[in-house]
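Dear colleague,

Please find the structure below, handed over for your review. My notes on the strands and the nonpolar cores follow it.

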Amino acid sequence: KQWYQRRVRVDPVEKGHVDVTFVNIQPCTPFFKQHLKVYDTDLVSDVIARLKRADRKLKSRSVELYRYVDPEKGPRQLLAFDQPMLWNKRRLTDTSQIQLCPEQGLKSGINQLGDTLCYVVS
């Protein structure tokens, strides 16, 4: 007999998507980096729910997503340890829709999101 490990699929949908890295920017927390698929026409609340399904420690917590003002420079910028939200981050509202544009990548409204987003757990 061969035993197969059952793999739970977090993303069962087969439509256009982009792999996005979610980075927790809070110091001294057990939440780190996650890699998830973000689909065309997802809401921010859908992405947060997918993030909570991927990490068990997030299930009972409140999660907020933030985008970088400059999606190219933002992930490479050093963080201030005592104030990680100080520069270059804007909150994404839970009802804002994420669109997949072939030329520009992910967008939320008129803002480009890039391939790295931040999340904060409270």
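Two strands are taken to pair if DSSP finds at least two bridges between them; strands (E, at least two residues) and helices (H or I, at least four) are DSSP runs numbered from the N terminus. This is a predicted model, in which local features need pLDDT of at least 70 and side-chain atom pairs count only at pLDDT 80 or more, whereas totals for chains, interfaces and linings use all residues. Residues are numbered from 1 along each chain as its sequence is written, and side-chain values use heavy atoms, with hydrogens and water left out.

An open sheet of four strands follows the order 3-6-7-8 with antiparallel pairing. Strand 3 (42-43) and strand 8 (111-112) each have a single partner strand, so one side of each lacks a neighbour in the sheet. Within this sheet, strand 6 (residues 97-101) is joined to strand 7 (residues 105-108) by four bridges, and Q99 has K107 as its bridge partner.

Strand 1 (residues 17-24) pairs with strand 2 (residues 33-39) in the antiparallel sense over seven bridges, with V23 opposite K33. Strand 1 also runs parallel to strand 9 (residues 116-121), through four bridges; here T21 stands opposite T116.

The largest nonpolar core (buried Ala, Val, Leu, Ile, Met, Phe, Trp, Tyr and Cys residues joined through side-chain atoms within 4.5 Å; buried means under 20% relative accessible area, with a 1.4 Å probe and protein chains only) has 19 residues, and F22, L65 and Y119 have the most contacts inside it. Helix 1 gives the largest share of this core, four residues.

Yours sincerely

Conventions: Buried < 20%, exposed > 50% of the residue type's maximum accessible area, 1.4 Å probe, protein only.
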